[in-house]
Amino acid sequence: ARRWRACAAERKWLPKELQNADLAFAEKTFRMWQPIKLIARADRGYRWRGELHLAEFKTRARAAAYPSDVIELSAQRLVIETRSGGRVSEIGYALTQNLSGKRRSVHKVRLLPRADVIAVARRREAILKGRVVPRYTTSQGLCRHCAYRAECKPEQHDRG
């Protein structure tokens, strides 16, 4: 009964268009090796009208979808379509709740095309291998909360 209540509570949190969808998977890891190596862990996939719809659950102070959410969902879409051959919606959902868990919001986002996801992954790889110099963000907020701030020393770089 407890699990059913959790599922019922989750359904209420979903966007209206997915409230009658079937849960296809939860917390599942997908892998692909070509044309890029990509491993993506997807929170939820819902099947509705012959298409898979992806949802990511986020707890954060601000009720917003970020570019990183779009990249994450887009990468999931690419690997799931590549591995399964099935259709994954070009619309994804970032479902946010505040830190106390009392406020929840649905953010519908348009996912990146396949070529853009591959380009982002290749750029990341080139940065990690030192072949490309990274650009620093213009967002003070991103820097302030970044796990790599000590290594990066953003205050020593031009953000222009």
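Two strands count as paired here if DSSP finds at least two bridges between them. Keep that in mind as we walk through this model, which is predicted.

Let's begin with the overall layout. The protein has five helices and five strands, and from the N terminus on its elements follow the order α-β-β-β-α-β-β-α-α-α.

Now look at the strands S1, S2 and S3. Strand S1 (residues 22-32) and strand S2 (residues 38-48) run antiparallel and are joined by nine bridges. One place to see this pairing is Lys28, whose bridge partner in S2 is Ala42. The connection from S1 to S2 is a hairpin of five residues. S2 also runs antiparallel to strand S3 (residues 51-59), this time with five bridges. Here Trp48 stands opposite Glu51 in S3. The hairpin of S2 and S3 has two residues between the strands, and in it Arg49 takes a positive phi near 55°.

From the strands, move on to helix H2 (residues 67-84), where you will find Asp69. Is this residue buried or exposed? Buried means under 20% relative accessible area, and Asp69 counts as buried because its relative accessibility is 2%. Leaving aside residues up to four places away in sequence, Asp69 touches Lys58, Arg60, Ala64 and Ala94.

Finally, step back to the whole protein. Of its 160 residues, 34% are buried. Among contacts between residues at least 6 apart in sequence, 50% join residues at least 24 apart. The protein exposes about 10,900 Å², and carbon and sulfur atoms supply 51% of that area.

Key. Residues are numbered from 1 along each chain as its sequence is written. This is a predicted model: local features need pLDDT of at least 70, side-chain atom pairs count only at pLDDT 80 or more; totals for chains, interfaces and linings use all residues. Side-chain values use heavy atoms; hydrogens and water are left out. Helices (H or I, at least four residues) and strands (E, at least two) are DSSP runs, numbered from the N terminus. Buried means under 20% relative accessible area, exposed over 50%, partly exposed in between (1.4 Å probe, protein chains only). Contact means heavy atoms within 4.5 Å. Accessible areas come from the Shrake-Rupley method with a 1.4 Å probe; for residues, only the protein chains shown count as cover.
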